[in-house]
Amino acid sequence: MDFPENARRTERTAPRKSLVERAAAIFDSTARAPEAPRADNGAAAAPAAPSPAHAPAAQPIPPTAPAAPVSPTAPPRPSPAVEPAGKRTTRKQIELNFSRLREKGFVVPGDRSTTAEEIRLIKRPLLRQAFADGRRVNGNSHLIMVTSARPSEGKTFMAVNLALSMALEKDITVLLIDADVAQPAIPGVLSFESDRGLLDLLVDPTLDMSDVMIRTNLDNLSILPAGRDTPNANELLASSKMEALVKDIAERYPDRVIIFDTPPVLVRTETSVLASHVGQVAFVIEAEQTNESAVKESLELLNGCSNIGLILNKLRSSYGTERFGQYYGRYKR
């Protein structure tokens, strides 16, 4: 390229700059110049040549000049974990107050009271009937219904105590179901609030057991409350839906003891229907209060179950104290 005469003269007369000074001048002019467009290969395009009248002498770019640092691209944020479709979890857990339960006469961890020992004596034959060598004996022998002839004989007290005591076994898990939908007592006994439960499962086919079951701080014990009141609630217990639900529970939890707290036999007719779906009945009799005719009539209504155990409750000892439960043997027709 031909330079004007004055430019050549300037080049000859100007003192030669050092390599560092020339590199600094180049970087200084680059910093003030607008960002050059980039070529397709990602390298910066060469700046446009200045006008010949004002262009300084061409200077080579030092080979040691470092490239401008490129800001690293931030890594993409991970997508939030998505729960697999169809997976359900138990949504509620309650804390049982063991101190308060002990004061009310219920079995709690580490309990060595007379009541705890009596409940142990009652649960042993029930567990032997339900399991043998760790295996289920009959198709539904792990389904146990607890009932009585009339109200206030202690059936709920016995059902809760059996559930607590069995759950303290190392290899036994228990599901306690409040099937006394007209007078549900388990939430009051265990001091917790409940909403959905058994009745909701019977009227809403979209619900799953895990949606309404309640876990407790006693690891081996879960509870299924009675649920929200609904028209014809008692009739639902005697319906084919209840039969199908009991069958589903039995098949879903073959290694778990299922305890049903049901209405008194002489008060609600659906109790006798439910007896035909379970494997065992624990029939509670209040000592010195329930007459023989009421017991016989109730046992006849429970003829759908052939395995009935009698429990004598509130028995006065020779010392004048009240005993809460005594296994009285199997009823034989």
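**A walk through the strands, helices and loops**

Four bridges join β4 to strand β8 (residues 256–261), and these two strands run parallel. The model is predicted. Within this pairing, valine 146 stands opposite aspartate 261 in β8. β4 also has a partner in β9: five bridges join them, again in the parallel sense. Here valine 146 stands opposite alanine 282 in β9. Valine 146 thus faces a residue in β8 and a residue in β9.

How many of the six residues of β4 are buried? Six of the six are, so β4 is largely enclosed by the rest of the structure. Look at the two sides of the strand. Leu143, Met145 and Thr147 point one way. Ile144, Val146 and Ser148 point the other way. Residues on both sides are buried.

Now step from β4 to β9, and from there to β10. Strand β9 (residues 280–286) pairs with β10 in the parallel sense over six bridges. Phenylalanine 283 stands opposite leucine 310 in β10. To get from β9 to β10, the chain passes through helix α12 (residues 292–301). This β-α-β crossover is right-handed.

Strand β10 (residues 308–313) is mostly covered, with six of its six residues buried. Ile308, Leu310 and Leu312 point one way from β10. Gly309, Ile311 and Asn313 point the other way.

Stay with the crossover for a moment. Serine 298 lies in helix α12. Is serine 298 buried or exposed? Its relative accessible area is 0%, so serine 298 counts as buried. Its C-alpha is separated by 9.8 Å from that of threonine 147, although the two residues are 151 apart along the chain. Threonine 147 is one of the buried residues of β4.

The loop between β9 and α12 holds glutamate 288. Its phi is near 65°, a positive value in a residue other than glycine. Most residues other than glycine have a negative phi. At 69% relative accessibility, glutamate 288 counts as exposed. Serine 152 also has a phi near 65°, again positive in a residue other than glycine. Serine 152 sits in the loop between β4 (143–148) and α5. With 61% relative accessibility, serine 152 counts as exposed.

On the other side of β9 in sequence, serine 276 is in the loop between α11 (270–275) and β9. At 39% relative accessibility, serine 276 counts as partly exposed. Serine 276 and leucine 302 are 26 residues apart in sequence. Their C-alpha atoms are 7.7 Å apart in space.

Next comes β7. Both faces of strand β7 (residues 221–224) are covered. Leu221 and Ile223 are buried on one side, and Ser222 and Leu224 on the other. Which way does strand β5 (residues 173–178) run against β7, parallel or antiparallel? The two pair in the parallel sense, over four bridges. Leucine 176 stands opposite isoleucine 223 in β7. Strand β6 (residues 214–216) pairs with β7 in the antiparallel sense, over two bridges. There, arginine 215 has serine 222 as its bridge partner in β7. A hairpin of four residues joins β6 to β7.

Turn now to the helices. Helix α4 (residues 114–130) has 17 residues. From its first C-alpha to its last it reaches 25 Å, close to the 24 Å expected at 1.5 Å a residue. Where does α4 kink? A kink of about 25° lies at lysine 123, shortly before proline 125. Both lysine 123 and proline 125 are buried. Other buried residues of α4 include Ile119, Ile122, Leu126 and Leu127.

Last, the rings. The structure holds one aromatic pair. The ring centres of phenylalanine 106 and phenylalanine 157 are 4.9 Å apart and their planes meet at 45°, so the pair is tilted. The pair links distant parts of the chain, 51 residues apart. Phenylalanine 106 is in the loop between α3 (98–103) and α4, while phenylalanine 157 belongs to helix α5 (residues 155–167). Phenylalanine 106 and phenylalanine 157 are buried. Another ring has a charged neighbour: arginine 256 lies over the face of tyrosine 253, at 4.4 Å from the ring centre.

Methods. Residues are numbered from 1 along each chain as its sequence is written. This is a predicted model: local features need pLDDT of at least 70, side-chain atom pairs count only at pLDDT 80 or more; totals for chains, interfaces and linings use all residues. Side-chain values use heavy atoms; hydrogens and water are left out. Buried means under 20% relative accessible area, exposed over 50%, partly exposed in between (1.4 Å probe, protein chains only). Two strands pair if DSSP finds at least two bridges between them. A crossover is right-handed if, with the strands pointing away from the viewer, the path from the first strand over the helix to the second runs clockwise. The expected span of a helix is 1.5 Å times one less than its number of residues. The bend at a residue is the angle between axes fitted to the seven residues ending there and the seven starting there. Rings of Phe, Tyr and Trp (its six-membered ring) pair if their centres lie within 6.5 Å; planes under 30 degrees apart count as stacked, over 60 as edge-to-face and the rest as tilted. A charge sits over a ring if NZ of Lys or CZ of Arg is within 6 Å of the ring centre and within 35 degrees of the ring normal.
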